[in-house]
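Please look through the structure shown here before reading on. The paragraphs after it go from the domains to single residues.

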Amino acid sequence: MRIETLAVHAGHSPDPATGAVTPPIHLSTTFERRADGTLPSSFIYSRDDNPTRHSLERCLMELEGGAAAAAFASGMAAATAIFQSLAAGDHVIAPLDAYYGTAKLLREVFERWRLEASFVDTTDPAAVRAALRPATRLVWLETPSNPLIRITDIAAVAEVAHTVGAQVAVDNTWATPLGQRPFALGADLVMHATTKYLGGHSDILGGAVVARSDDDFFARVRTVQRTGGAVPSPFECWLVLRGVRTLPYRMRAHTANAERIAGFLEAHSKVSAVHYPGLESDPGHAVARRQMQLFGGMLSFEVAGGRGPALSVAARCRLFTRATSLGGPESLIEHRASVEGPATRTPEGLLRCSIGLEHADDLIADLEQALA
Ligand SMILES: *Cc1c(COP(=O)(O)O)cnc(C)c1O
């Protein structure tokens, strides 16, 4: 089935008890046993498994084309479960420009548990090869990356990683399964912050791990999920399921708007650089064309003159909301260097945008007056 059909139907079916077309939210934490002690279904207790969460996991597994999925209370809880499924002494390779929270987790939490991490430029497969050690068990990828929207060749890195038996995990939050298919490119694990495009409405926190095979490693992820208990509530699972139903159409609209805005910004005299893989001038364009079905709704641009001018452009925006995060219907703009603090590697003139679902002409008019 095509992804539009899966988005509507995967994990969804009329409720057998009532015929309700929209599935109910199963809030119950516990499930009755029959008199003989057996269970009418596989559910016992909601931290272990819950019907609404089960439906969401089924949906995400089918959307990514994986063999198993586990839903978490946030994207970071999903990433944590992957790292906790490794062992002390294992080595992880992660991108230099990994999501801020992922890098912080590796540096500040897992280092103390003797998980070693090297941060390398994953857009260069030779740099990944050079960083491999016999103990390398995981290569973490994020493409497009944050906030420079750089593109890593997933297939090329997977080939390199697999030479030492390391798994490849792709944080597919920004691209979504509409934008790229990590399993088809050789990845072993996909992680999502469902907080972003999958939820799609800036109103829930959630995460997921999807595995290419339901193997021993995934069993450890499942144990961390069920026993560690960083699970999403049934209501949040239901909202993600609802969000996913329109994901294909939202992603196309986010992308169409981002493509137009990237073109507008590229031609603007006060903009010194635009980072968007859909632009032919972008260094990631060739790989993105091979690897992505949609270039997505995230872009960043650099305002000539650096920090001061960039902050005033953000201050003058009326339609773009000055806020972090991404993937909702509303367009957001953010001065990343301010958010990331003194240790940031982000250019001071850079503004990151999550391009929303408003009309592109209105968004361009807003940026035009803000840049004037
Ligand atoms: C937001 C985000 C995360 C973290 O997700 P939370 O739900 O905030 O924990 C991880 N990776 C990427 C790429 C993100 O955008």
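**Two domains and what lies between them**

Between domain 1 and domain 2, 13 residue pairs are in polar contact, with both residues of each pair at pLDDT 80 or more. The side of domain 1 that touches domain 2 draws at least two residues from each of four helices: α1 (3–9), α6 (154–162), α7 (176–179) and α9 (234–244). Helix α7 gives the most to this side, with four residues. Sorted by kind, the residues on this side of domain 1 are 20 nonpolar, eleven polar and five charged.

This is a predicted model, and its protein chain is divided into domain 1 (3–244) and domain 2 (247–371). Taken over C-alpha atoms, the centres of the two domains are 26 Å apart. In terms of contacts, 36 residues of domain 1 meet 37 residues of domain 2.

The size of an interface is often given as the accessible area lost when the parts come together. For domain 1 and domain 2, the buried area is about 2900 Å², and carbon and sulfur atoms give 61% of that area. On the domain 1 side, Ile 151, Leu 178 and Tyr 197 supply 24% of the area buried against domain 2, which is more than any other three residues supply.

Charged side chains also link the two parts, with two salt bridges counted between domain 1 and domain 2. In the model, the side chains of Arg 252 and Glu 4 form a salt bridge, with 2.3 Å from N to O.

The next stop is a helix. Helix α3 covers residues 75–84, and eight of its ten residues are buried, so the rest of the structure largely encloses this helix. The buried residues are Gly 75, Ala 77, Ala 78, Ala 79, Thr 80, Ala 81, Ile 82 and Phe 83. At the N-terminal end of α3, Ser 74 acts as a cap: one of its side-chain oxygens is 3.4 Å from the backbone nitrogen of Met 76.

One of the buried residues of α3, Ala 78, leads to a strand, since Ala 78 is among the residues that Ala 208 touches. Ala 208 is found in strand β7 (residues 207–211). Is Ala 208 buried or exposed? Its relative accessibility is 0%, and buried means under 20%, so Ala 208 counts as buried. Leaving out residues up to four places away in sequence, Ala 208 also touches Leu 60, Ala 70, Ala 71, Phe 72, Val 190, Met 191, His 192 and Thr 194. Pro 24 is 184 residues from Ala 208 along the chain, and their C-alpha atoms are 21 Å apart.

Notes: Residues numbered from 1 in each chain as written. Predicted model: local features only at pLDDT ≥ 70, side-chain atom pairs only at ≥ 80, totals over all residues. Heavy atoms only, no water. Buried < 20%, exposed > 50% of the residue type's maximum accessible area, 1.4 Å probe, protein only. Polar contact = N/O pair within 3.5 Å; in protein donor to acceptor, adjacent residues only side chain to side chain. Domains from an automatic or database assignment. Contact = heavy atoms within 4.5 Å. Buried area = accessible area lost by both parts, 1.4 Å probe. Salt bridge = Lys/Arg side-chain N within 4 Å of Asp/Glu carboxyl O. Nonpolar A, V, L, I, M, F, W, Y, C, P; charged D, E, K, R; others polar.
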